Amino acid sequence: MRETLVLNASFEPLSTVSLRRAVVLVLQDKAVVEQAHPGLRVRAAAVEVPVPQVIRLCRYVRVPFRQRAPWSRRGVLVRDRHRCAYCGRRATTVDHVVPRSRGGGDTWLNTVAACAEDNHRKANRTPEQAGMRLLSRPFEPTPADALLLAVGGRGEGRDALPEWLPQPA
């Protein structure tokens with residue numbers, strides 16, 4: 001079973017925790033279940049709790065402000081929903097829009113998900129030089145969006161909750 005999303009008392013996403021930790025927080029009255037897996041319950045001798053997908057803390061936790069979401073290859077694939085930015089097929093790799101050898105780097109705005117075939121075809125060129133068009137523009141998710149993407153986007157076929165996921169601008 002995958003991890004549970006933890007919301008602050010103000011409903012902003014904080015982190016993810018294991019199912020076990022989420023149940024403990026609920027049983028200790030430190031959190032309430034906001035959304036549960038339909039029909040699934042955790043049972044003990046005297047207690048029965050719905051299996052939480054999302055919990056909300058009862059008390060507000062002050063979190064240091066984070067301006068930017070950390071970049072990662074996995075984050076780019078999840079942000080682009082494992083779809084190639086050039087053809088729309090399943091993406092398995094990350095492509096640099098401006099190749100690293102030409103001054104491009106590992107940033108949210110310079111990387112897109114790509115299938116191996118298109119990544120190889122584009123090679124060490126810009127999309128314009130390769131005669132390829134981006135189907136969608138790369139964007140930088142907010143730190144909260146990046147957390148939701150990480151929770152909801154564990155790959156295709158998994159039970160991501162679409163209402164959690166941010167939509168590109």
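Here a biologist and a modeller talk through a predicted model and the terms used to describe it.

Biologist: Let's begin with the sheet. What makes β1 and β2 a strand pair?

Modeller: Two strands pair if DSSP finds at least two bridges between them. β1 (residues 4–7) and β2 (residues 13–17) are joined by 4 bridges, so by that rule they pair. They run antiparallel. In this pairing V6 has S15 as its bridge partner, and L5 stands opposite T16.

Biologist: And how do you know that β1 pairs with β4?

Modeller: The count is 3 bridges between β1 and β4 (residues 48–57), and the rule asks for at least two, so this is a pair as well. These strands run parallel. One of the matches is L7 with R56.

Biologist: Why are β2 and β3 called edge strands?

Modeller: The open sheet has 4 strands in the order β2-β1-β4-β3, with mixed pairing. β2 and β3 (31–43) each have a single partner strand, so one side of each is left without a neighbour in the sheet. Neighbouring strands are turned by 35 degrees against each other on average, ignoring direction.

Biologist: What lies across that sheet?

Modeller: Helix α1 (residues 19–27) does, lying across β1, β2, β3 and β4. Its direction is at about 90 degrees to β4.

Biologist: What makes you say that both faces of β1 are covered?

Modeller: T4 and V6 are on one side, L5 and L7 are on the other, and all of them are buried.

Biologist: Moving on to N119 in helix α3 (residues 116–122), why is N119 called buried?

Modeller: Its relative accessible area is 19%. Buried means under 20%, so N119 counts as buried.

Biologist: What does the side chain of N119 reach?

Modeller: It reaches the backbone oxygen of V94 at 3.5 Å. Leaving out residues up to four places away in sequence, N119 touches T93, V94, D95 and A114.

Biologist: Now R81, in the loop between α2 (73–79) and β5 (93–96). Why is R81 called partly exposed?

Modeller: R81 has a relative accessible area of 32%. Partly exposed runs between the buried limit of 20% and the exposed limit of 50%, so R81 belongs there. The backbone of R81 has a positive phi near 55 degrees, in a residue other than glycine.

Biologist: And why does A123 count as partly exposed?

Modeller: By the same yardstick: A123 is at 45% relative accessibility, and exposed means over 50% while buried means under 20%, so A123 is partly exposed. A123 lies in the loop between α3 and α4 (127–130). It has a positive phi of about 55 degrees although it is not a glycine.

Biologist: Which residue takes a positive phi in the hairpin of β1 and β2?

Modeller: That's F11, with phi near 75 degrees; the hairpin has 5 residues between the strands.

Biologist: Last one: how do you know that the charged end of R79 sits over the ring of F139?

Modeller: The distance to the ring centre is 5.5 Å. The limit is 6 Å, along with a position within 35 degrees of the ring normal. The distance is inside that limit, and the pair is counted as a charge over a ring. As for aromatic pairs, the structure holds 0.

Key: Residues numbered from 1 in each chain as written. Predicted model: local features only at pLDDT ≥ 70, side-chain atom pairs only at ≥ 80, totals over all residues. Heavy atoms only, no water. Buried < 20%, exposed > 50% of the residue type's maximum accessible area, 1.4 Å probe, protein only. Helix = DSSP H or I, 4+ residues; strand = E, 2+ residues; numbered from the N terminus. Polar contact = N/O pair within 3.5 Å; in protein donor to acceptor, adjacent residues only side chain to side chain. Contact = heavy atoms within 4.5 Å. Phe/Tyr/Trp six-rings, centres within 6.5 Å; stacked < 30°, edge-to-face > 60°. Axes fitted to C-alpha atoms, helices over the stretch in contact; angles between N-to-C directions.
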